Amino acid sequence: IIIGIIAKPELPELLRWSFFYLFLFSIGYSVGPQFFGSLKKQALPQIVVSVVLAVTGLVTVIVLSVLFNFDEGIAVGLLSGGMTQSAALGTGLNAIAELPIPDDVKAKISAHAPLADAITYGFGDLGLILFLTWLGPLIMRADLRRAAKELESELGGSTAGQTLGGTHFAFRVHRIKNAANAGATVAEFETRYAEGRLSVQRVKRADDVLEPRPGLELRQGDLVVIGAWVALLSRVEREIGPEENHPDLLAIPLKTVSVVVTSKEVHGRTIAELGKRDIARGVYLESLQRGEELMPHEPWTVIERGDVLRLVGAPKDVDRAAAAAGFVERDLARTDLGFLAAGICVGIAFGMFKVMVGDVAFGLGTSGSILVVGLVAGWARSRYPVFGAIPVAAQRLLMDIGLIVFIAVIGLHAGPHAVEAYHQSGGAFFGRILVAGMVVTLVPLAAGLIVARYVFGMNPMMVVGSIAGAQTCTPGLNALREASGSNIGALAYTVPYALNNILLTIWGPVVVGILYAIRN
């Protein structure tokens with residue numbers, strides 16, 4: 001805005017919309033699997049909280065716009081800034097461009113939107129963080145660190161330790177000295193130490209290296225190469241026999257792969273359940289990613305379709321587990337640009353369909369259609385991951401660059417209008433927008449907290465995690481991690497994040513349509 005006031009540049013309209021379409025498709029693609037995956041009975045409380053927060057935000061924007069006599073542009077800026085959803089700014093501007101009003105009025109209203117967004121976005125972010133880490137817990141009389149530990153204990157149930165996750169594993173060679181282990185089969189031996197993810201990789205008897213089949217009987221004096229968590233290895237040495245140094249036996253290659261979950265047998269299962277299956281033998285879970293967020297890989301974490309599992313272990317074990325879980329990403333750096341371009345083109349085509357109600361045209365519009373196509377594309381990729389690859393890093397790059405260029409261009413255009421608005425209305429005008437933005441930020445948060453805590457009785461960590469997701473604010477989730485000392489809030493974050501990325505984006509044209517109807 002400041003540079004626009006000084007330079008008053010002339011930039012083509014196509015520039016901002018091209019980058020905005022890249023942003024929209026990418027955000028739809030990234031949340032697609034979670035959006036469709038969230039439509040299930042178990043996620044009903046989080047869905048309701050998301051809808052309540054979104055609808056409360058919409059109503060608050062409309063009411064304040066009528067009370068303060070704000071035009072459609074300011075209302076769109078209140079929505080996008082107060083609820084930290086910049087995509088709503090783009091869809092709202094798109095809707096303003098379709099209004100049957102003179103071009104000079106349209107230009108003035110359009111310039112008000114980024115101005116209001118800039119005034120309110122700062123408190124939108126800061127206010128949310130303060131609400132999540134201070135005001136919300138104060139209202140609930142909750143300590144986030146204690147709530148996180150209680151939730152982890154509740155979800156963990158009777159499971160002792162992790163059963164699949166954890167990267168602190170190692171390979172060791174031990175000679176069987178304890179007679180209690182002599183005569184046990186490989187399968188029995190592994191079952192005895194299953195809590196430490198122990199697997200027998202090699203068995204050397206005299207000069208022969210034997211294949212560690214499940215039915216192979218171990219004998220006293222055998223050398224066994226085991227893989228297990230480091231925490232288990234000291235116990236193994238006491239109960240099995242001394243560790244020995246045999247570099248030739250320890251020369252076991254390790255393999256790391258990223259697997260997109262598509263299997264019905266894996267979807268909906270906890271890590272604890274999967275860790276007890278034969279397919280997980282000798283495999284360790286390095287990380288679990290859902291969309292853009294790293295999820296806790298604890299025993300109680302539920303794996304969902306579209307999750308990306310990073311597995312590590314001996315090649316044959318990893319290949320077996322990967323084949324059972326889903327699709328292995330062979331080239332993690334490859335982006336299917338043809339798929340990206342085709343998706344945006346299809347969205348533009350669908351955006352041409354409109355229904356006239358009086359003088360107002362209703363429809364998804366170009367922005368809404370591209371977002372929906374991105375959603376479907378991301379969902380399709382999670383179910384049939386043989387086409388349309390856009391790595392998470394590429395998604396983030398497209399979203400960041402697309403949004404930054406779009407916001408920069410509309411800011412440059414809004415600069416001269418900001419000066420004009422100040423001369424016409426004075427500082428009180430900007431003050432009213434700031435106060436209205438604060439209300440738009442806080443009222444939906446309070447409504448979401450009341451429903452989550454006092455209607456559904458959620459754990460305080462699930463409450464604030466759901467609110468952070470419903471407000472689509474990643475900085476809020478990061479602040480929540482620091483305040484609670486736990487990543488468990490991410491479990492409640494993903495479903496509301498996916499839903500309200502769509503709802504709040506759609507609210508842009510809805511706000512414009514409602515206010516235009518009220519004034520006419």
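## Before we start

Contact here means heavy atoms within 4.5 Å. Keep that in mind for the helices that lie across the sheets. Also, this is a predicted model, with a mean pLDDT of 86 for the protein chain and 95% of its residues at 70 or more.

The stretch to be wary of is residues 157-166, where the pLDDT is below 50. In the model this stretch still has 29 contacts beyond near neighbours in sequence. Where pLDDT is low, the predicted coordinates should not be read in detail.

## The five-stranded sheet

Let's take the sheet with five strands. Going across, the order is E7-E6-E8-E5-E9, and the sheet is open with antiparallel pairing. Strand E7 (293-294) and strand E9 (326-328) sit at the edges with a single partner strand each, so each has one side without a neighbour in the sheet.

E8 covers residues 308-313 and runs antiparallel to E5 (residues 255-261), with six bridges joining the two. If you want a spot to look at, find Lys255, which stands opposite Gly313 in E8. E8 also pairs with E6 (residues 283-290), again antiparallel and over six bridges; here Leu285 has Leu311 of E8 as its bridge partner. E5, in turn, is joined to E9 by three bridges, and those two run antiparallel. Val259 is matched with Val328 in E9.

What lies across E5, E6, E8 and E9? That's helix H12 (residues 315-325), and it runs at about 5° to E5.

## The four-stranded sheet

There is also an open sheet of four strands, ordered E1-E4-E2-E3 and paired antiparallel. Its edges are strand E1 (169-175) and strand E3 (208-210); each has a single partner strand, so one side of each is left without a neighbour in the sheet. From one strand to the next, the twist averages 20°.

E1 and strand E4 (residues 223-229) run antiparallel and are joined by seven bridges. Arg172 is a handy marker, since you'll find Ile226 of E4 opposite Arg172. Helix H9 (residues 230-239) lies across E1 and E4, at about 145° to E4.

## The largest pocket

Now for the empty space. The largest pocket holds about 690 Å³ and has 22 lining residues. Which of them lie nearest its centre? They are Gln42, Gln46, Val302, Met462 and Leu491.

Helices H3 (44-67), H7 (144-156) and H19 (490-519) each give at least two residues to this lining. As for its chemistry, eleven of the lining residues are nonpolar, seven polar and four charged.

## The cavities

How many cavities of 30 Å³ or more are there? The count is three. The second largest cavity has about 90 Å³ of space, and its lining includes Ser30, Val31 and Gln34, along with Arg290, Glu292, Glu293 and Tyr497. Two or more lining residues come from each of helix H2 (13-37) and H19, with H19 giving the largest share, four residues.

By class, this lining has four nonpolar, four polar and three charged residues. H19 turns up in both places: this helix helps line the largest pocket and also the second largest cavity.

Terms used:
Residues are numbered from 1 along each chain as its sequence is written. This is a predicted model: local features need pLDDT of at least 70, side-chain atom pairs count only at pLDDT 80 or more; totals for chains, interfaces and linings use all residues. Side-chain values use heavy atoms; hydrogens and water are left out. Two strands pair if DSSP finds at least two bridges between them. On a 1 Å grid over the protein atoms alone, a cavity is a set of points where a 1.4 Å probe fits but cannot get out, and a pocket is an open set with protein on both sides within 12 Å along at least five of seven lines; lining residues have an atom within 4 Å of a point. Grid points are joined across faces, edges and corners, and a volume is the space filled by probe spheres set on the points. Ala, Val, Leu, Ile, Met, Phe, Trp, Tyr, Cys and Pro count as nonpolar, Asp, Glu, Lys and Arg as charged, and the others, Gly among them, as polar. Axes are lines fitted to C-alpha atoms, for helices over the stretch in contact, and angles run from 0 to 180 degrees between N-to-C directions. pLDDT is the predictor's confidence in each residue, from 0 to 100.
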